[in-house]
Amino acid sequence: MIRQPRRRFFVLGFLVSVGLACGPGGRGPLQEPDPRVSLAASCGARVTAEGVSERLFELSPVLGGRDARAEDVLSALRAVESALRKVPFGLCHCAGLKELIIVHGLWARGQDIGGIALHRGDTIILSAASRGSERLERTFHHEFFHLLDFAYDPFDPERYTDPEWTALNPDGFAYGAGREGLVYMPLDPADEDRAIAGFASRYGTWKLSEDKAEVFALLVSKPWLAAERAREDAVLARKLALLVTRLEATCPGVPGIADLGRFP
Ligand SMILES: [Zn+2]
């Protein structure tokens, strides 16, 4: 493994400097300000994109990843910036995101995954490897919800069984978490938005926490699709409504949360 953090730093610094030098009349993406600045402003979060292998090991010995190229880091940060524009302002502070780690490839217990939120509740790790911006946004929204979910009454003894939520599931349904040896299910882009009654995606059928994260990701990434599906699917409609109610309880005073659930 060859790492060149110093060169990456200068390349990113150069891109940002050129961008700022272009000024408001500049052309192309380079005139945009560094997304790290807006991330820090909207979340108070810092970005780690260099020395990630060591940082991941520090956080958990089961995690692995490599430094991404400077341009891929920048693209991923732009996707995160765009994703944050789709959630009510203030939600990121409420979620308590403190560190966003951008990596090239991400492995958990040897399995390739797109992203992960650490359930200590303040870190999101996002893989920038070969992923389009829409996919990155969706993954960010999913992981972002895990932080919000953790913030929702973390001392509730029923948080891991959540009878109120699971009671909404179709009769006889059981999540697939008991499957032998399956710790992390890789996100399959083909799963997204596949119409499975009662769920935002097939991935959501795997585990209670993933069900909620997928419902949130659908709601904020594609509200029009959430609305369309909710009209046809009463279970999904009730999950969307419960999720919005809980967000309001988790983040009181953040304006705009109720609007998430008001479909045209
Ligand atoms: Zn998840």
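**Close-up 1. Strand 2 meets strand 3 through Leu 63 and its bridge partner, Ala 108.** In this predicted model, strand 2 (residues 63-66) runs antiparallel to strand 3, and 4 bridges join the two. Look for Leu 63 in strand 2 and then find Ala 108 in strand 3.

**Close-up 2. A hairpin links strand 3 and strand 4.** Ala 108 turns up again here, this time opposite Gln 111 in strand 4. Strand 4 covers residues 111-112 and pairs with strand 3 in the antiparallel sense over 2 bridges. There are 2 residues between the strands, and Arg 109 takes a positive phi near 50° in this hairpin.

**Close-up 3. Strand 3 also has parallel pairings, with strand 1 and with strand 6.** Strand 1 (residues 46-48) pairs with strand 3 (residues 99-108) over 3 bridges, and here Val 47 stands opposite Leu 100. Strand 6 (residues 123-127) is joined to strand 3 by 5 bridges. To find your bearings in that pairing, start from Ile 101, whose bridge partner in strand 6 is Ile 125.

**Close-up 4. Helix 9 passes helix 10 in a left-handed crossing.** The axes of helix 9 (residues 223-232) and helix 10 (residues 234-250) come within 6 Å and cross at roughly 130°. The two helices are therefore oblique to each other. On the helix 9 side of the contact are Ala 226, Arg 229 and Ala 230, which meet Leu 236, Ala 237 and Leu 240 in helix 10. By residue type, this contact divides into 5 nonpolar, no polar and 1 charged.

How values were computed. Residues numbered from 1 in each chain as written. Predicted model: local features only at pLDDT ≥ 70, side-chain atom pairs only at ≥ 80, totals over all residues. Axes fitted to C-alpha atoms, helices over the stretch in contact; angles between N-to-C directions. Helix = DSSP H or I, 4+ residues; strand = E, 2+ residues; numbered from the N terminus. Parallel < 35°, antiparallel > 145°, perpendicular 65-115°, else oblique. Left-handed = near helix turned anticlockwise from the far one by under 90°. Contact = placed C-beta atoms within 7 Å. Nonpolar A, V, L, I, M, F, W, Y, C, P; charged D, E, K, R; others polar. Pairing = 2+ DSSP bridges.
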